[in-house]
Amino acid sequence: MPSLEFSRQRADLEHEYRKAMRRAIVLIDAGELSHAEAQIRAANDFRAAINALAPNQSGRSAA
């Protein structure tokens, strides 16, 4: 079972990931594609941090 601190870190990163994706969607709707791309890159960085936080504890294989 993951520790409480691990769970908090993961939750914080998930929150930031979702926030960046929502911003990207709003920017795409507004026609601000270059700004949307920057938000998507930020979201990808958060996703990478989530994946690196604790490999193989998400129930997925590392393949």
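On the surface of this predicted model, Ile28, Leu33 and Ile40 make a nonpolar patch of about 250 Å². A patch here joins residues that have over 30% relative accessible area and no salt bridge, with nonpolar side chains (Val, Leu, Ile, Met, Phe, Trp, Tyr) linked within 5 Å and like charges within 9 Å. The accessible areas come from the Shrake-Rupley method with a 1.4 Å probe, and for residues only the protein chains shown count as cover. One member of that patch, Leu33, belongs to helix H2, which covers residues 33-53, and Leu33 is exposed, its relative accessible area being 51%. For the wording, buried means under 20% relative accessible area, exposed means over 50%, and partly exposed is what falls in between, with the 1.4 Å probe and protein chains only.

Before going further, a word on conventions: residues are numbered from 1 along each chain as its sequence is written. Because the model is predicted, local features need pLDDT of at least 70 and side-chain atom pairs count only at pLDDT 80 or more, whereas totals for chains, interfaces and linings use all residues, and side-chain values use heavy atoms, with hydrogens and water left out.

Let me turn to helix H1, residues 4-29, whose 26 residues should span 38 Å at 1.5 Å a residue, and the 37 Å between its end C-alpha atoms agrees with that. Helices are DSSP runs of H or I with at least four residues, strands are runs of E with at least two, and both are numbered from the N terminus; the expected span is 1.5 Å times one less than the number of residues. Just after H1, Gly31 takes a positive phi of about 85°.

Which residues of H1 are buried? They are Phe6, Leu13, Glu14, Ala20 and Ala24, and the buried residues of H1 pack against H2. Take Leu13, which lies in H1 and counts as buried at 19% relative accessibility. If we set aside neighbours within four places in sequence, Leu13 is in contact with Phe46, Ala49, Ile50 and Leu53, where contact means heavy atoms within 4.5 Å. Leu13 and Asp45 are 32 residues apart in sequence, and their C-alpha atoms are 9.7 Å apart in space.

Glu14 is the other buried residue of H1 that I would like to dwell on, with a relative accessibility of 11%. Its side chain meets that of Arg10 in a salt bridge of 3.8 Å, N to O, and a salt bridge here is a side-chain nitrogen of Lys or Arg within 4 Å of a carboxyl oxygen of Asp or Glu. Glu14 and Arg10 are four residues apart in helix H1, so about one helical turn separates them. Arg10 itself is partly exposed at 23%. Glu14 also forms a salt bridge with Arg18, at 3.5 Å, N to O, and again the two residues lie four apart in H1, about one turn of the helix. Arg18 is partly exposed, with a relative accessible area of 47%.

How many salt bridges does a search of the whole structure find? It finds four. Among them is the one between Lys19 and Glu16, whose closest N and O atoms are 3.3 Å apart; these two residues lie three apart in H1, about one turn of the helix. Lys19 is partly exposed at 23% relative accessibility, and Glu16 is partly exposed at 28%. Salt bridges that share partners join Arg10, Glu14, Arg18 and Arg47 into one network.

That brings me to H2, which has 21 residues and reaches 30 Å from its first C-alpha to its last, close to the 30 Å expected at 1.5 Å a residue. The buried residues of H2 are Ala36, Gln39, Ala43 and Ile50. Seen down the axis, these buried residues fall within an arc of 60°, so they line one face of the helix, the arc being that of the directions from the helix axis to the C-beta atoms. They pack against H1, while the face of H2 turned away from the buried side carries the exposed residues Ser34, Asp45 and Ala52.

To close with one residue of that buried set, Gln39 is found in H2 and counts as buried at 18% relative accessibility. Leaving aside its neighbours within four places in sequence, Gln39 is in contact with Ala20, Arg23, Ala24 and Leu27.
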